[in-house]
Amino acid sequence: MRRINWTEAMLSRLAELYPVETTARTASVLRIGVTAVKAKARELGLEKLAKSRWLDRAGHISRHFDNRSYAEMACDLGISRTTVSRMSCKLGLTRSRAEGYAMSSRVRREMVRRERRRAIFGLDPLTRLKVISHRAKVRIRSRLKANGYITGVHRNILYFTEATCRKARLEAKATRLGLSFLPFPEDNTPLSNAI
């Protein structure tokens, strides 16, 4: 390895270029190796200035740190979850254990809701979460509710009114799956989706 004689001109050029240019670009301008540039910059205490893209990402992380998970912010920014975690550490952002639990609970609830909606519409699941014990029953209950049937406090009982257009084949299929049908009660029995 050849020894480099650093001149004043080279040092001033290094101090000018290193913070704003890539290390490879600085090395090519000075006509020396990248390792030598890094070593001299470290010796002089020179550091890279933050790039505008990094600043944009840091701003997004700072703004959304309290209400978004690392994975959600990573998805927003198009970077990895680890990068978001490292950047938040650099920015001095931390979460307490309770805040971390609250965030993961919210994310899990949203995931479960999404998986349930996919199951109701007959789509394949996106995760391995088991959110529905009996898919066929949930789907048929959803179809019946869309046709005007009303579910009560007991999820296996569906009510119909005089205005409900009853579907005999759908009711027969639902009965085989364990659902039962009753006329809508006239008294004030609490029902879950009754308006």
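This passage walks through the aromatic pairs, charge-over-ring contacts and salt bridges of a predicted model. Local features need a pLDDT of at least 70 and side-chain atom pairs one of 80 or more, while totals for chains, interfaces and linings use all residues. Residues are numbered from 1 along each chain as its sequence is written, and side-chain values use heavy atoms, with hydrogens and water left out.

There are 2 aromatic pairs (rings of Phe, Tyr or the six-membered ring of Trp with centres within 6.5 Å; planes under 30 degrees apart are stacked, over 60 edge-to-face, the rest tilted). Phe65 and Tyr70 make a tilted pair, 6.1 Å from centre to centre with 45° between the planes. For Tyr149 and Phe181, the planes stand at 65° and the centres are 5.6 Å apart, so this pair is edge-to-face. Tyr149 and Phe181 are both buried (under 20% relative accessible area; exposed is over 50%, partly exposed in between, with a 1.4 Å probe and protein chains only).

Arg166 turns up twice. Its charged end sits over the ring of Phe160, 3.6 Å from the centre (NZ of Lys or CZ of Arg within 6 Å of the ring centre and within 35 degrees of the ring normal). Arg166 also meets Glu171 in a salt bridge, at 2.7 Å from N to O (a side-chain nitrogen of Lys or Arg within 4 Å of a carboxyl oxygen of Asp or Glu). Glu171 counts as buried because its relative accessibility is 10%, whereas Arg166, at 42%, is partly exposed.

Salt bridges number 6 in total. Among them, Lys40 joins Glu43 at 3.0 Å, and Asp76 joins Arg68 at 2.8 Å.
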